[in-house]
Amino acid sequence: PERVHVFLADEQGVEQPITYRALWDRAVAVSAGLRERTIGPGDSVALMLRTEEPFFAAFVGALLAGAVPVPIYPPYRVDRIEEYTRRQLGILTNAQARVLITFGEAERVAGLLRSRAGSVAEVTTVAELVAAGDLPRLSRRRSSDPALIQYTSGSTGDPKGVLLTHAN
């Protein structure tokens, strides 16, 4: 549990180690928050997060809840927000994501996406999910169950999703 699972470098290049125990504890808490929101096996959960600790906690937490994580890029250029919104709406609609997990600086854009994507019932953050509370019921999954939907960048057209199973 104390072995390092991943090192994340911050903007200054300083590495932040995340141990297996730290990842597990946060992921279990995220899973509990998702279950409290009635997210469970087969439900899609969009992750509009940067490559930081909350992304890993949300990804594994969604898996522990039996949900299917759908990573999407966070907004990065204000001058291309219209194109960004169109692409992400296509992904959210196609994946039928029920929850969109994001971070503070992107909540306004996430709220805009929620208002236009009919399937998204809630926008939340990892901190809000972790604060939710009780220990979750961990969902057992089969190797043939969906594990992740990964979308192409959409650089030559609309993003296309690829469903990966736990066996993949």
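## Briefing on a predicted protein chain

Buried residues, meaning those under 20% relative accessible area (exposed is over 50%, partly exposed in between, with a 1.4 Å probe and protein chains only), make up 44% of the 168 residues in the protein chain. This is a predicted model, in which local features need pLDDT of at least 70 and side-chain atom pairs count only at pLDDT 80 or more, while totals for chains, interfaces and linings use all residues. Residues are numbered from 1 along each chain as its sequence is written, and side-chain values use heavy atoms, with hydrogens and water left out.

**Overall form**

- The protein chain holds five helices and eight strands, which are DSSP runs numbered from the N terminus (helices are H or I with at least four residues, strands are E with at least two).
- Along the sequence these elements follow the pattern β-β-α-β-α-β-α-β-α-β-α-β-β.
- The radius of gyration of the protein chain is 16 Å, which agrees with the value near 15 Å for a compact globule of 168 residues; this radius is taken over C-alpha atoms, and the globule rule is 2.2 Å times the number of residues to the power 0.38.
- Taken along the principal axes, the C-alpha atoms fill a box of roughly 45 × 40 × 30 Å.
- Of the contacts (heavy atoms within 4.5 Å) between residues at least 6 apart in sequence, 63% join residues at least 24 apart.

**The nonpolar core**

- The largest nonpolar core, a set of buried Ala, Val, Leu, Ile, Met, Phe, Trp, Tyr and Cys residues joined through side-chain atoms within 4.5 Å, has 38 residues, and those with the most contacts inside it are Leu34, Leu100 and Ile101.
- Helix H3 (residues 81-95) gives the most to this core, with five residues.
- Not counting residues up to four places away in sequence, Leu34 touches Ile39, Val45, Gly61, Ala62, Ala65, Ile101 and Leu129.
- In soluble globular proteins, nonpolar side chains tend to be buried together.

**Helix H3 and the residue after it**

- H3 has 15 residues and reaches 21 Å from its first C-alpha to its last, close to the 21 Å expected at 1.5 Å a residue, where the expected span is 1.5 Å times one less than the number of residues.
- The buried residues of H3, among them Tyr84, Arg87 and Leu92, pack against strands E3 (44-47), E4 (68-71), E5 (97-102) and E7 (146-151) and against helix H4 (107-116).
- Gln96 follows H3 with a positive phi near 55 degrees, and Gln96 is partly exposed, with a relative accessible area of 47%.
- Thr38, in the loop between H1 and E3, also has a positive phi, near 60 degrees, and is exposed at 57% relative accessible area.
- Most residues other than glycine have a negative phi.

**Aromatic rings**

- Phe55 and Phe56 form an edge-to-face pair, 5.5 Å centre to centre with 90 degrees between the planes; rings of Phe, Tyr and Trp (its six-membered ring) pair if their centres lie within 6.5 Å, and planes under 30 degrees apart count as stacked, over 60 as edge-to-face and the rest as tilted.
- Phe55 is buried, with a relative accessible area of 18%, and ring pairs link Phe55, Phe56 and Phe59 into a cluster.
- Arg50 lies over the face of Phe103, at 3.9 Å from the ring centre, under a rule that asks for NZ of Lys or CZ of Arg within 6 Å of the ring centre and within 35 degrees of the ring normal.
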